[in-house]
Protein chains: 2
Amino acid sequence: MINTLRALLKQKGYSLTKPRLIVFGVLAGKEPQTMAEIIGLTANKIDRATVYRTIELFEQAGIAHRLNIGFKYKIELTEVFNGHHHHLHCTACGRTFPLPANPMLETMIDTVASKADFAPRGHQLEIYGLCQNCSKPS
Amino acid sequence: MINTLRALLKQKGYSLTKPRLIVFGVLAGKEPQTMAEIIGLTANKIDRATVYRTIELFEQAGIAHRLNIGFKYKIELTEVFNGHHHHLHCTACGRTFPLPANPMLETMIDTVASKADFAPRGHQLEIYGLCQNCSKPS
DNA sequence: CAGTATTTGCAAATTTGTCGCAATAATCTA
DNA sequence: TAGATTATTGCGACAAATTTGCAAATACTG
């Protein structure tokens, strides 16, 4: 994991610094995080500006990317680390869950775009609703 | 159209005011707009703060909703006015095109979510790539 | 049309994201 | 591994985006 990180950084000529490792640590194996969350979790270690710069750099290096959810956006590691997937966003508790990609669905999405004379390069599917926990009768 | 607008507002106990009509007019029948665009188009008629408040109110009343595209978000009228559809976002020219919903695709999305023990209430699919115009050989 | 409740504009305050630059840490070379 | 070179960080100042309080204006009700 760290090796992949190092490799992706090196590919772009970036170095693996302490702040970058910290930000990566905050993202690894967690649900997508908002900027505020990342900044909060690293507040005593890294400056706000560095967090923004790091995220931007991670995006350029294909390490992390933005996920648009409702108003805000959240950051998560790319499919290199997480595999391609979509998201289930619970409108009750605000959590975001990964939904493993379904090959048939992927194909259909590309097909539908192509039929509209559009050359698809990627997509993002966000499903809104209630997670298992929030739809339980209280 | 205006009647539907009035009805949706009344349903929530909101009144149909001049500023709300103006904002509605800016959104009706157009591509999704960014906040900056809406504010710009109404600058000499409505205060910025009112635009923000109106959009928020439109969201609550199911009149308009936010569409997340790349970094920014855009506003468009809901399916009540526009029908359910997805979006093709051209990464070259930045335009956003509607993609009429495909029933089979819709079904598959709901199914996939349900299988993950999630109760889907809606979804948003953004496809990124090149529009017909931008993929032409120049 | 008056009375009441809602909504607006304005100005100020927050929040969010960016930038320049000197200090610091990482990388490279010998 | 020391020393030179380059990339990166923290800090403070900015700039942009969004929110809020409140008095004045507008819409709705009877």
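**Close-up views of a cavity and a two-fold axis**

**View 1. Two strands, one from each chain, contribute to the lining of the largest cavity.** Strand E6 (119–130) of chain A supplies at least two residues of this lining, and so does strand E6 (119–130) of chain B. The largest share comes from E6(A), with three residues. The model shown here is predicted.

**View 2. The largest cavity holds about 40 Å³ of space.** A search of the whole structure finds one cavity of 30 Å³ or more.

**View 3. Residues of chains A and B line the largest cavity.** Chain A provides A:Asn68, A:Gln124, A:Glu126 and A:Tyr128. Chain B provides B:Asn68, B:Gln124 and B:Glu126. By class, the lining has four polar residues, two charged and one nonpolar. A:Glu126 and B:Glu126 are the charged pair. A:Tyr128 counts as the nonpolar residue. The polar residues are A:Asn68, A:Gln124, B:Asn68 and B:Gln124.

**View 4. Chain A superposes on chain B by a rotation of 177°.** The shift along the rotation axis is 0.1 Å, and the RMSD is 0.5 Å. The two copies are therefore related as by a two-fold rotation axis. In chain A, A:Leu125 has the C-alpha nearest the axis, 2.2 Å from it.

**View 5. Both copies use the same surface for their contact.** Of the contact residues of chain A, 100% recur in chain B.

Methods. Residues are numbered from 1 along each chain as its sequence is written. Chains are lettered from A and ligands numbered from 1 in the order in which they are written. This is a predicted model: local features need pLDDT of at least 70, side-chain atom pairs count only at pLDDT 80 or more; totals for chains, interfaces and linings use all residues. Side-chain values use heavy atoms; hydrogens and water are left out. On a 1 Å grid over the protein atoms alone, a cavity is a set of points where a 1.4 Å probe fits but cannot get out, and a pocket is an open set with protein on both sides within 12 Å along at least five of seven lines; lining residues have an atom within 4 Å of a point. Grid points are joined across faces, edges and corners, and a volume is the space filled by probe spheres set on the points. Helices (H or I, at least four residues) and strands (E, at least two) are DSSP runs, numbered from the N terminus. Copies are superposed by least squares on the C-alpha atoms of residues with pLDDT of at least 70 in both. Contact means heavy atoms within 4.5 Å.
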